[in-house]
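Biologist: I have not seen this structure before. Could you take me through a few of its features?

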Amino acid sequence: MKKAVGIVRLSTKRQTAADRVSGAEQEKRIRAWATREGYYLGAGDVLHETVSRADELDPLHREGRPVFWSAWDRLVAGDVDALIFWEPSRFCAALDGADFVYWMAKADEHGDGIRFAENEPPRDSGPYRTVLTAVAGSQSAADYARLIERMKGGREGHARQGEFVGGALPFWIRWIRPVKAEGGGIEEPGRFELRDEHAATALRIVEMYEGGKGSEIIANTLNEEGAPTPSQVMPQWKKHPRRTPKWSGSTVLSILRNPALHGEYSYGSRRPTKNPKTRRVEAIAVQVPALIDKERWEALQTLMIKRRNYAGGRHRFDWPLQGLVWSEACERVYLCKPDGHTGRRVYRCRGRQTRNRRPGAPPCECPPLVADEIERLVAEALVGLVNDPAAQRKAVAEYVADLEGRRATLAARLQPTDDEIARLQTLIDDLTVDVRRGRLSQERYEREVADIEQERETVVLQGAFLLKSEAVSPPRSDRRAARA
């Protein structure tokens with residue numbers, strides 16, 4: 001009977017609590033498979049690795065997976081005929097396909113190599129055996145590294161020749177594979193072509209956005225019409241298992257930003273990788289069929305930046321009447337916010353939002369105001385005021401009278417505060433006289449003066465609050481006069 005060594009590996013600490021991938025469950029399945037396939041596993045022949053990464057397969061740095069390397073040495077020495085894992089992910093989940101094939105080929109040089117109790121690849125037929133045999137000729141890690149570099153260089157070369165070598169194409173473009181001749185060679189080269197129906201959808205998105213519609217409005221329109229989403233058109237794109245694919249505003253914006261609209265598709269990394277060991281090629285421009293010209297696409301990016309500035313919040317120069325528009329019904333200041341349906345700038349009352357109202361209070365009845373219209377009316381009034389000296393004098397006189405009225409009102413509102421401060425100061429003076437005449441001890445004097453000072457500080461803060469509230473906004477009784 002053939003001898004084997006089983007290896008149990010956990011890649012994360014959380015997997016130790018999972019029933020399906022726990023160490024005991026893996027050992028149970030490995031032993032059952034070995035008995036069924038005719039391999040002998042002794043009491044101590046199932047080794048348990050500590051939590052480790054699957055990509056720690058560097059022969060020069062064995063400290064990452066010492067248990068695996070001890071079993072590997074036994075396989076190379078001929079002490080055992082096979083290494084048995086539960087499934088491929090327990091051996092090299094983090095390695096790419098080429099690395100997996102390389103290690104499988106190296107293991108096949110010694111006995112039965114590496115076997116898997118579940119999900120074992122087809123080893124005796126198909127492309128797996130073809131690639132395995134080809135890579136088996138690589139006798140060293142250096143030869144394998146040079147082979148991978150040549151493969152990557154070949155992909156880059158094909159990309160520079162305008163061919164599709166991988167990645168995610170836009171949903172409105174597809175790649176037609178080259179047609180091979182019977183006697184060898186290429187009879188018809190590969191080419192990119194448009195998916196007519198989906199190209200029309202992408203072009204319609206551009207036209208609707210240029211026409212003033214926002215990304216969310218465009219997405220809702222496409223959902224109502226039942227237009228296929230990119231994830232439905234491209235089967236390799238990831239889909240949520242429990243959600244129906246729908247258009248969203250972010251999907252619309254990603255299409256509008258894609259340079260493939262004007263015929264430029266990029267292959268390779270667009271940003272530097274954080275891992276210095278991982279090689280990333282520079283972005284290679286590949287020409288694809290264009291829907292719009294480059295000038296129109298650049299104008300579209302400028303328009304998107306402009307709208308993003310509007311959507312980012314209130315801006316002083318974009319909203320000249322900010323803080324100056326008030327609701328007559330609830331007397332709240334108007335918000336400055338673009339309309340989500342039309343994209344126009346709109347002044348909207350805070351009282352129309354539920355979070356700004358008391359529980360059960362009805363929303364404000366004042367309607368939203370289109371910014372362009374109200375700003376035009378204010379500008380016309382200001383121009384008329386500047387061009388008419390009599391109107392200027394009248395407005396200045398009314399403003400001065402308003403200031404005088406506000407000053408008198410504020411003085412009346414502050415009078416109780418001033419009186420209270422004067423009363424507290426009188427108390428301190430009386431206490432000072434008493435302590436000088438010996439009627440009051442020094443300790444009691446300091447204690448009572450401290451209490452009076454604390455009370456006076458509270459009164460001063462109340463007066464400061466009145467001044468601040470008057471400076472920020474006029475009294476409610478004067479707001480209607482100011483609007484008139």
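Biologist: How many disulfides does the count come to?

Modeller: This is a predicted model. A disulfide is a covalent bond between the sulfur atoms of two cysteines. Here the rule asks for a pair of cysteine sulfur atoms within 2.5 Å. By this rule, the number of disulfides is zero.

Biologist: Is Cys 366 buried or exposed?

Modeller: A residue counts as buried when its relative accessible area is under 20%. Cys 366 has 14% relative accessibility, so Cys 366 is buried.

Biologist: And Cys 349, buried or exposed?

Modeller: The cut-off is again under 20%. The relative accessibility of Cys 349 is 0%, so this residue is buried.

Biologist: Which strands stand at the edges of the sheet β12-β13-β14?

Modeller: The sheet is open, has three strands and pairs them antiparallel in the order β12-β13-β14. Each edge strand has a single partner strand, so one side of it lacks a neighbour in the sheet. The edge strands are β12 (334–338) and β14 (369–370).

Biologist: Which residue of β14 is the bridge partner of Val 346?

Modeller: Strand β13 covers residues 345–349 and runs antiparallel to β14, with two bridges joining them. In β14, the partner of Val 346 is Val 370.

Biologist: What angle does the direction of helix α12 make with that of β13?

Modeller: Helix α12 spans residues 371–387 and packs on this sheet. The helix touches both β13 and β14. Its direction and that of β13 make an angle of about 90°.

Biologist: What share of the protein chain's residues counts as buried?

Modeller: The chain has 15 helices and 14 strands. Of its 484 residues, the buried share is 33%.

Methods. Residues are numbered from 1 along each chain as its sequence is written. This is a predicted model: local features need pLDDT of at least 70, side-chain atom pairs count only at pLDDT 80 or more; totals for chains, interfaces and linings use all residues. Side-chain values use heavy atoms; hydrogens and water are left out. Buried means under 20% relative accessible area, exposed over 50%, partly exposed in between (1.4 Å probe, protein chains only). Helices (H or I, at least four residues) and strands (E, at least two) are DSSP runs, numbered from the N terminus. Two strands pair if DSSP finds at least two bridges between them. Contact means heavy atoms within 4.5 Å. Axes are lines fitted to C-alpha atoms, for helices over the stretch in contact, and angles run from 0 to 180 degrees between N-to-C directions.
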